[in-house]
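Q: Could you take me through one part of this structure slowly, as if I had never looked at a model like this before? I'd like to start from a single spot and then see how the rest fits around it.

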Amino acid sequence: MTALAPAQKPAEPLAANGSPVARRAPLRIPVLLGILAVVALGVFGFGAKSGETSTFAISLRSDAVQFDPWVVSVRPTTIALGVVLVALAAWSIWLALRGRTSPWWLLALYGLLWASSFLVWIVAGSSTSLVDLLQGSLLLAVPLAFGAFGGLLCERAGVVNIAIEGQLLVGAFAAAVVASVTGNVYAGLVAAPVAGYLLGLLLALFTVKYAVNQIIVGVVLNVLAVGLTSFLFNAVLKPNSSTLNSPPRLDPIAIPLVSKIPLVGPVFFRQNLLVYLLYGAVFLLTWLLFRTRWGLRVRAVGEHPSAADTVGIDVNRTRWRNVVAGSSTAGLGGAFFTIGYVGAFGPEMSGGRGYIALAAMILGRWTPVGSLGAALLFGFASKLASVLSVLDTPLPSQFLLMLPYVLTIFAVAGFVGRVRGPAAAGVPYVKG
Amino acid sequence: MQLELRGITKRFGALVANDHIDLVVEPGQIHALLGENGAGKSTLMNVLFGLYRPDEGEIVVDDEPVRFTSPGDALAAGIGMVHQHFMLVPVFTVAENVMLGHEPTRRGGSLDLESARTLVRDVAHRFGFDLDPDAVVEDLPVGVQQRVEIVKALARDAKVLILDEPTAVLTPQETDELIEIMRQLRDAGTSIVFITHKLREVRAVADVITVVRRGRIVGTAEPTAAENDLAAMMVGRDVSLQVDKAPPQVGDVALEIDDLTVVDALGTRVVDGVDLSVARGEIVAVAGVQGNGQTELVETVLGVRSAVAGSVRLDGTELLGRSVRDVLDAGVGFVPEDRTEDGLVADFTVAENLVLDLVHDTRFRHGLALDLAAIGANARERIAEYDIRTQGPGQAAGKLSGGNQQKVVVARELSRPLRLFIASQPTRGVDVGSIEFLHRRIVAERDQGTAVLIVSTELEEVAALADRVAVMYRGKVVGIVPGDTPRDVLGLMMAGVPLDEAQRQAEDHPTVETLIEEGDQP
């Protein structure tokens with residue numbers, strides 16, 4: 001060794017920052033849990049009339065084996081749930097004060113119990129089908145989940161996809177028309193992503209090639225999609241609705257054996273093809289994004305495009321490909337509205353779900369699994385709103401219809417400070 | 001491998017960034033490219049690395065002309081580059097960053113992380129340092145991030161390694177370790193192109209020195225050349241590297257910082273119980289590696305950041321808790337460390353930027369309206385006084401060179417009577433000529449009796465300006481020492497070593513640069 005002995009190394013690595021002081025995890029979420037737990041205990045628990053019961057059917061009439069419906073006496077159940085919720089919230093606050101964040105399962109358990117408590121309270125005095133509720137939740141989550149996947153495919157590569165709404169809409173339109181004309185529902189299922197792809201080409205052209213502000217292009221494409229489909233609906237579909245707008249629908253497919261499992265079977269395995277495609281997509285996307293060369297490169301492009309460029313990755317080609325892939329995915333999700341659900345196309349039938357899909361993507365932290373979870377949450381809220389609107393509930397039905405949107409605001413406001421998206425999302429990459 | 005650049009010319013509009021540059025890099029050689037900021041060194045290297053396409057000229061590798069249309073081509077030809085601004089994905093691990101672009105995969109297409117980890121460890125071990133392949137890059141100190149960059153280039157079998165201003169972010173001791181790595185690489189046959197504007201380092205490590213000025217090669221020099229000669233070649237005229245300054249006429253204490261503690265959003269004490277005072281007529285420099293609380297310290301004094309404890313008094317009046325406007329009105333001038341982010345509005349004109357925090361002054365307004373004539377007159381005066389090279393007061397400030405932008409900021413802050421002048425990194429990214437000028441202005445402000453607080457990560461600057469030096473490490477002041485403290489001692493203190501220990505270690509293990517300065521080749 002020369003005089004450059006590494007004896008001069010500092011005792012500790014040079015950290016960028018100083019020593020931590022009594023670190024406190026943010027209290028926002030635990031306190032929110034506390035308030036909601038008190039609401040659950042006070043309103044759903046002690047606020048419930050004694051002696052009332054709620055009835056939940058857990059098998060469909062068509063099931064081979066019938067199970068007795070669940071009859072729950074409201075007040076004892078909600079009080080018990082309320083006490084557990086208060087305890088969970090207290091635990092979460094205690095953890096936060098000790099500088100630890102609550103584990104995810106605590107939050108999940110809390111959400112499940114709170115929702116159960118609400119459900120028992122609101123159904124009090126009447127009955128509803130749990131199978132229908134959960135089956136419908138999953139079904140309604142389909143366009144949200146595909147939309148969120150479409151969004152995250154773009155954003156992971158650094159392009160903000162505000163145009164999910166438009167992609168869902170053109171997907172729905174194309175699926176309805178093509179399925180009607182060909183009489184083949186699967187042709188519709190192919191047409192939907194193609195329509196999304198075409199809209200994606202426009203998005204990619206303007207955002208990637210011409211580096212136009214991504215938000216503006218996205219909004220403009222949404223307006224274009226609404227205008228175009230509404231015009232075509234009025235001008236072409238309405239006069240010829242029997243030939244152009246009466247598509248066949250995707251039938252539920254029962255998976256042998258597993259579809260016979262009580263509750264789980266009808267909810268997960270007696271659904272239409274789009275739902276099964278969703279199962280496949282979530283695994284495939286997770287693997288692709290986090291386990292393959294393609295995924296690593298896409299994420300690099302979305303986080304630090306010049307770093308990707310300097311190791312020989314073509315940033316704009318990657319972005320271009322991801323934008324059209326994402327748009328196609330969202331387009332496929334659009335097929336749900338027509339051939340996967342109601343059948344015929346109606347103007348603006350996506351009803352803002354593209355934006356909720358965007359929220360689901362953020363809430364799901366730009367991961368496929370997280371996005372699916374968030375989509376299920378929103379799907380549950382939508383389904384619950386429609387189920388409860390026919391029951392005689394203590395809350396006005398208009399208020400219940402707000403539920404998914406209120407939930408979106410809470411979820412995004414509660415989490416947005418804690419999540420960090422791809423660093424370069426929204427920033428066009430211009431060389432040199 | 002031998003690398004040759006023949007007649008490379010690169011133009012950006014009317015600006016000729018590289019003008020017929022010829023350069024030969026021999027195998028196993030450390031070739032220093034010396035030049036000021038904006039001389040065209042980085043442009044040349046970006047051409048070589050395939051990021052820019054040259055307008056004229058060719059690149060020749062082992063007597064074969066090559067054409068690079070993307071960095072991928074340059075990498076394939078065996079050219080690696082460590083960029084001034086690291087090209088690392090902050091949220092990726094070391095292994096992911098190293099394998100990016102040439103990822104090993106297993107059958108079925110999954111990434112083979114295990115062989116990437118092994119690759120990182122192997123390359124790092126070859127050059128005698130440790131690197132945790134699973135560490136997330138954003139959690140690593142900059143010195144280690146730079147090693148990740150080097151490993152990244154070497155993992156792709158780079159035969160020529162371009163290092164663009166690699167020492168800008170390092171302490172003297174880290175620089176030493178880098179120099180040792182560079183020598184090992186050279187001895188193993190790798191050619192190194194070392195881009196810098198720091199004369200000491202060039203003399204310490206280079207085999208050949210090529211000097212670039214205004215896009216042209218102005219000559220080559222031997223590593224034994226005197227610093228003043230190299231500086232003259234670089235700038236094109238004689239420059240004095242020393243600031244002539246009289247001993248300070250120290251007056252009463254103006255700024256008193258007591259037990260100041262500042263906490264960031266994550267609850268980390270970024271400024272931790274700092275005591276510091278600055279008297280009238282003296283320059284106190286806060287030295288330290290970037291990110292040890294200096295920025296937060298001066299931002300708290302200005303009032304853009306709030307403190308959790310302590311006090312900051314200017315001539316006996318408390319500054320904490322007051323608005324930035326109040327603090328400025330109390331006679332504080334502030335030059336932020338990032339002039340393009342915080343010092344200037346790039347799209348505003350030079351004239352507008354020169355009055356950015358003065359527009360409420362009755363000198364520059366008629367009632368609610370701006371007095372455009374006065375603003376224009378002020379701009380012409382300042383441009384003349386500070387020798388700001390601009391097409392005129394109406395030019396957008398963002399179009400000026402770094403040195404001239406900085407002159408605009410400093411001119412604005414010094415154009416009103418001050419009690420305290422704070423300048424953060426006053427000469428970062430500024431050419432040598434402007435550095436000289438700015439340093440003289442800062443000393444002149446001191447001589448008028450203003451208290452001056454400088455934050456600098458450059459030891460040359462600290463040595464040139466400071467009457468006293470406060471060294472910060474992890475939010476604490478490690479020690480306050482006289483301005484003429486040897487740089488080796490300061491360097492060790494910047495790494496958190498207390499003063500006594502630093503003095504002892506500096507004697508036992510002087511850095512390469514110090515040895516060269518003493519005429520004693522290691």
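Which residue follows H13(A), and what is the sign of its phi?

A: Happy to, and keep in mind throughout that this is a predicted model. The residue right after H13(A) is Gly343(A), and its phi is positive, near 100 degrees.

Now let's walk back into the helix itself. H13 of chain A covers residues 315-342, which makes 28 residues. Here's a nice check you can do yourself: counting 1.5 Å a residue, a helix of that many residues should span 40 Å, and its end C-alpha atoms are indeed 40 Å apart, so the two agree. There is also a kink in H13(A), of about 40 degrees, centred on Phe336(A). As for its surroundings, H13(A) is mostly covered, with 24 of its 28 residues buried.

You can try the same check on a helix in chain B. Helix H5 of that chain runs over residues 142-154, and its 13 residues should span 18 Å; the end C-alpha atoms lie 18 Å apart, which agrees. H5(B) is mostly covered as well, since eleven of its 13 residues are buried. Among the buried ones are Val144(B), Arg147(B), Ile150(B) and Leu154(B). What does the covering? The cover includes strands S6 (79-82) and S7 (160-164), along with helices H3 (94-99), H4 (113-126) and H6 (172-187), every one of these named pieces belonging to chain B.

Back to that positive phi, which turns up in other places too. Trp366(A) has a phi near 60 degrees, a positive value in a residue other than glycine. You'll find Trp366(A) in the loop between helix H14 (353-363) and helix H15 (368-389) of chain A. Is Trp366(A) buried or exposed? It has 23 other C-beta atoms within 10 Å, and the cut-off for buried is 20 or more, so Trp366(A) counts as buried.

Over in chain B, Arg474(B) isn't a glycine either, yet its phi is positive, about 50 degrees. Arg474(B) sits in the loop between strand S21 (468-473) and strand S22 (476-482) of chain B. With 22 C-beta neighbours inside 10 Å, Arg474(B) is buried too.

One more positive phi belongs to a hairpin. S1(B) and S2(B) have two residues between them, and in this hairpin Gly13(B) takes a positive phi near 60 degrees. The two strands pair in the antiparallel sense over seven bridges, and Arg11(B) stands opposite Val16(B) in S2(B).

That hairpin is part of an open sheet of four strands in chain B, in the order S2-S1-S4-S5, with antiparallel pairing. Strands S2 (15-25) and S5 (64-66) are the edge strands, each pairing on one side only. Neighbouring strands in this sheet are turned by 30 degrees against each other on average, ignoring direction. Strand S1 (residues 3-12) also pairs with strand S4 (residues 56-61) of chain B, antiparallel again, over five bridges. There, Glu4(B) stands opposite Val60(B) in S4(B).

Finally, zoom out to chain B as a whole. Chain B holds 19 helices and 22 strands. Its radius of gyration is 24 Å, close to the 24 Å that the globule rule gives for 522 residues, so chain B is as compact as a globular protein of that length. Its C-alpha trace spans about 70 × 55 × 50 Å along the principal axes, and 51% of its residues count as buried.

How values were computed: Residues are numbered from 1 along each chain as its sequence is written. Chains are lettered from A and ligands numbered from 1 in the order in which they are written. This is a predicted model: local features need pLDDT of at least 70, side-chain atom pairs count only at pLDDT 80 or more; totals for chains, interfaces and linings use all residues. Two strands pair if DSSP finds at least two bridges between them. Axes are lines fitted to C-alpha atoms, for helices over the stretch in contact, and angles run from 0 to 180 degrees between N-to-C directions. The expected span of a helix is 1.5 Å times one less than its number of residues. The bend at a residue is the angle between axes fitted to the seven residues ending there and the seven starting there. A residue is buried if 20 or more other C-beta atoms lie within 10 Å of its own, exposed if 12 or fewer, and partly exposed in between; C-beta atoms are placed from the backbone. The radius of gyration is taken over C-alpha atoms; the globule rule is 2.2 Å times the number of residues to the power 0.38. Two residues are in contact if their C-beta atoms, placed from the backbone, lie within 7 Å.
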